[in-house]
Amino acid sequence: GRGGGGAERRPGILLLADEKGFSTPGLRRVAHHLASRGYVVLAPDLYQGKPWREGGAPEGPEYDKWCRSHDDDEVMAIAQEAVQVLRDQRSTMCGVVGFGWGATMAVRIADAGRPSTLVAAVACCPVKLGADMVSDLAIPTLLLFAGSEIGEAQVTGIATALADSKVPTLHRVFEGQDHGFADREETSASSEALEDTINFLKSQFSRAETMAAAAAASAGPGDENWRVERIGGPATDADWFPEGQHGGFSNVGEANWNEARERWRAYKNPHVRPAPPPPVPYDTLNSLRGSLATPRRTFELPGRMTLPAMIDVLFDTWQE
């Protein structure tokens, strides 16, 4: 689903489906609900037409085989392309909301902190989530668990990992609920999870706007933090190939350019532009054209002129 059109800037939501794919009635219900709150919502086909078989629980050898058939890096690439589509829809900031295996992908995105327009993540019933995956999240993250699929020890481990987070994080366990409760049938628990999601996204979008405004207000004439040379440092081989020379390639240059672009769009120049000059009188323009047509080495304009007016004068002089 997609929120209202027009030129108005709206926050975007990247909606990552669970194992059953993006065409389920439950996911469509969630998408429509988010769109009704004013968000631009995009649900990409993460599994490229090959979701997990209907009715099967996300566990066991067959599920592991299905997971291996969908390369994590390929899924991440699809998600990043979807964020670019949201940008094209004039969404200057985005959140990612995932369910099931899509929730695990949302955590991976939150851990990577890229693209830079993503400012919040919500993961509902993530699959195979370990404490090590949430120990160093780069963007604010909300984790929602079904009580039947997570033990007390796992909750304690995740809570301990989140305790030292440098960004706002929350987690909640819905006791008595099974995997997939949040995006299947509409129940009181699924409605409550959706409201938790919306409230978290709303607070983090507001936080991001406040931080961007504060950064712009504190920027002096020399504080053009959008310049690429002010983002990070010189890239090393470890930046380009984070998994080693034989691992995947990370396009640091593109990431820095996108970050610079978003900073530039948020930047508010502290200088006040002077008012445009008044129109030059017709007689003065005629006199100006005649003077410019004479062979003189220097010439002084009668006063400040707009660039379009100057171009018109030069064009007329050339035509004559």
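Biologist: Does Tyr-39 count as buried or exposed?

Modeller: In this predicted model, the relative accessibility of Tyr-39 is 8%. Buried means under 20% relative accessible area. Tyr-39 therefore counts as buried.

Biologist: Which ring pairs with that of Tyr-39, and is the pair stacked, edge-to-face or tilted?

Modeller: The ring centres of Tyr-39 and Phe-205 lie 5.8 Å apart, and the planes meet at 50°. Planes under 30 degrees apart count as stacked and those over 60 as edge-to-face, the rest being tilted. The partner is thus Phe-205, and the pair is tilted.

Biologist: How many residues apart are Tyr-39 and Phe-205?

Modeller: Tyr-39 lies in the loop between helix 1 (25-36) and strand 2 (40-42), whereas Phe-205 belongs to helix 6 (residues 188-218). Phe-205 is buried, with a relative accessible area of 4%. The pair links distant parts of the chain, and the separation is 166 residues.

Biologist: What is the distance between the ring centres of Phe-174 and Phe-181?

Modeller: Both rings belong to buried residues, Phe-174 at 6% relative accessibility and Phe-181 at 8%. Their planes stand at 45°, so the pair is tilted, and the centres are separated by 5.0 Å.

Biologist: Which residue places its charged end over the ring of Phe-174?

Modeller: The ring of Phe-174 takes part in the tilted pair with Phe-181. A charged end also sits over the ring of Phe-174, 4.1 Å from its centre, and it belongs to Arg-172.

Biologist: Which strands stand at the edges of the sheet?

Modeller: The open sheet has six strands in the order 2-1-3-4-5-6, with parallel pairing. Each edge strand has a single partner strand, so one side of each is left without a neighbour in the sheet; these are strand 2 and strand 6 (169-174).

Biologist: Which residue of strand 2 is the bridge partner of Leu-14?

Modeller: Strand 1 (residues 12-16) pairs with strand 2 in the parallel sense over three bridges. In strand 2, the bridge partner of Leu-14 is Leu-42.

Biologist: What angle does the direction of helix 5 make with that of strand 6?

Modeller: Helix 5 (residues 152-163) packs on the sheet, touching strand 5 and strand 6. Its direction and that of strand 6 make an angle of about 165°.

Biologist: Is Cys-125 buried or exposed?

Modeller: Cys-125 lies in the loop between strand 4 (118-124) and strand 5 (141-146), and its phi is near 55°, a positive value in a residue other than glycine. Its relative accessible area is 1%, so Cys-125 is buried.

Technical notes:
Residues numbered from 1 in each chain as written. Predicted model: local features only at pLDDT ≥ 70, side-chain atom pairs only at ≥ 80, totals over all residues. Heavy atoms only, no water. Helix = DSSP H or I, 4+ residues; strand = E, 2+ residues; numbered from the N terminus. Buried < 20%, exposed > 50% of the residue type's maximum accessible area, 1.4 Å probe, protein only. Phe/Tyr/Trp six-rings, centres within 6.5 Å; stacked < 30°, edge-to-face > 60°. Lys NZ or Arg CZ within 6 Å of the ring centre and 35° of its normal. Pairing = 2+ DSSP bridges. Contact = heavy atoms within 4.5 Å. Axes fitted to C-alpha atoms, helices over the stretch in contact; angles between N-to-C directions.
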